[in-house]
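Q: Could you take a close look at one part of this structure for me, starting from a single residue and working outwards? I'd like one connected account rather than a list.

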Amino acid sequence: MHPSVLAEIGPGGARVRHRQQPVGSLARETWTRPVDLLVSDMNLAPPAVIRYIERLQPSVRARRWIITLKLNDSAMVSRLPDFRERLGRIAPQPLRVVQLTANRQEVMVIAG
Ligand SMILES: C[S@@+](CC[C@H](N)C(=O)[O-])C[C@H]1O[C@@H](n2cnc3c(N)ncnc32)[C@H](O)[C@@H]1O
């Protein structure tokens, strides 16, 4: 995480809290209050990212998401409707999925 991001103080004193640990360990923790914003930019296949989000969201109850899905092959592209449907079951609403123009093989899921 770039130091400038960690130094940033947003409205109401909001800060980024960088947890340097595997995502799988986060769902096992006790989260006393809902997380404001869940950001995920993991270089994993979308089914793995979605499995992690499905496990994590019931614990963290994030109010908003920004999640990238890297569609590295045509099989992943064709499964995009399924990915959207699965995330839609647990996502904060509204849910949007937008293609990122940089390499065109990545979408951003914006929820809440
Ligand atoms: C595309 S990079 C993210 C870059 C980041 N957005 C930035 O601007 O620096 C992908 C990141 O996913 C992380 N990652 C991959 N698998 C992970 C996992 N199981 N748990 C946590 N992080 C993971 C990697 O450590 C790597 O830093």
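**From a hairpin loop into the sheet**

A: Happy to. Let's start at Arg104, which is exposed, because just 9 other C-beta atoms lie within 10 Å and the cut-off for exposed is 12 or fewer. Please keep in mind that this is a predicted model. Arg104 sits in the loop between E3 and E4, and its phi is near 65°, a positive value in a residue other than glycine. That loop belongs to the hairpin of E3 and E4, with six residues between the two strands.

Follow the hairpin into its strands and you find E3 and E4 running antiparallel, joined by five bridges. One of the pairings puts Arg96 of E3 across from Ile110, its bridge partner in E4. Ile110 is worth remembering, since on another strand Ile66 stands opposite Ile110 too. That second pairing belongs to E2 and E4, which are antiparallel over six bridges. In E4 (residues 106–111) one face is covered and carries Val107, Val109 and Ala111, whereas Glu106, Met108 and Ile110 lie on the uncovered one.

Strand E2 (residues 64–70) shows a similar kind of alternation. Trp65, Ile67 and Leu69 point to one face and are buried, while Arg64, Ile66, Thr68 and Lys70 point to the other and are not. With E1, E2 pairs in the parallel sense, over four bridges. Here Leu37 is found opposite Arg64, and Leu38 opposite Trp65.

Now the sheet can be put together. It is an open sheet of four strands, in the order E1-E2-E4-E3, with mixed pairing. E1 (37–40) and E3 (95–99) are the edge strands; each has a single partner, so one side of each is left without a neighbour in the sheet. From one strand to the next, the twist averages 15°. As a general point, strands of a sheet pair through backbone hydrogen bonds, either parallel or antiparallel.

A helix comes with this sheet: H3 (residues 46–60) lies across E1 and E2, and runs at about 165° to E2. Between H3 and E2 there is a loop that holds Arg61. Like Arg104, Arg61 is not a glycine, yet it has a positive phi, of about 50°. Arg61 is partly exposed, because 13 other C-beta atoms are within 10 Å.

Back at the other side of the hairpin, the approach to E3 has a backbone feature to check. Pro94 lies in the loop between helix H5 (80–90) and E3, and the peptide bond joining Gln93 and Pro94 is cis, with omega about 0°. Gln93 also turns up among the contacts of Gly112, which, neighbours within four places in sequence left aside, are Arg63, Arg64, Trp65, Pro92 and Gln93. Gly112 itself is in the segment after E4. It counts as partly exposed, because it has 15 C-beta neighbours inside 10 Å. For a sense of distance, the C-alpha atoms of Gly112 and Arg33 are 17 Å apart, with their positions 79 residues apart along the chain.

How does this part fit the whole? The protein has five helices and four strands, and from the N terminus they run α-α-β-α-β-α-α-β-β. Its radius of gyration is 14 Å, close to the 13 Å of the globule rule for 112 residues, so the protein is as compact as a globular protein of that length. The C-alpha trace spans about 40 × 30 × 25 Å along its principal axes, and buried residues make up 15% of the 112 residues. Of the contacts between residues at least 6 apart in sequence, 63% join residues at least 24 apart.

Two last stops lie away from the hairpin. Ile9, in the loop between helix H1 (3–7) and helix H2 (23–26), counts as exposed because it has 9 C-beta neighbours inside 10 Å. Its C-alpha atom is 32 Å from that of Ala45, 36 residues away along the chain. The ligand, finally, is surrounded by Pro22, Val23, Asp41, Met42, Asn43 and Leu44; by class, this shell has four nonpolar residues, one polar and one charged.

Key. Residues are numbered from 1 along each chain as its sequence is written. This is a predicted model: local features need pLDDT of at least 70, side-chain atom pairs count only at pLDDT 80 or more; totals for chains, interfaces and linings use all residues. A residue is near a molecule or strand if its C-beta atom, placed from the backbone, lies within 6 Å of it. Ala, Val, Leu, Ile, Met, Phe, Trp, Tyr, Cys and Pro count as nonpolar, Asp, Glu, Lys and Arg as charged, and the others, Gly among them, as polar. The radius of gyration is taken over C-alpha atoms; the globule rule is 2.2 Å times the number of residues to the power 0.38. A residue is buried if 20 or more other C-beta atoms lie within 10 Å of its own, exposed if 12 or fewer, and partly exposed in between; C-beta atoms are placed from the backbone. Two residues are in contact if their C-beta atoms, placed from the backbone, lie within 7 Å. Two strands pair if DSSP finds at least two bridges between them. Axes are lines fitted to C-alpha atoms, for helices over the stretch in contact, and angles run from 0 to 180 degrees between N-to-C directions.
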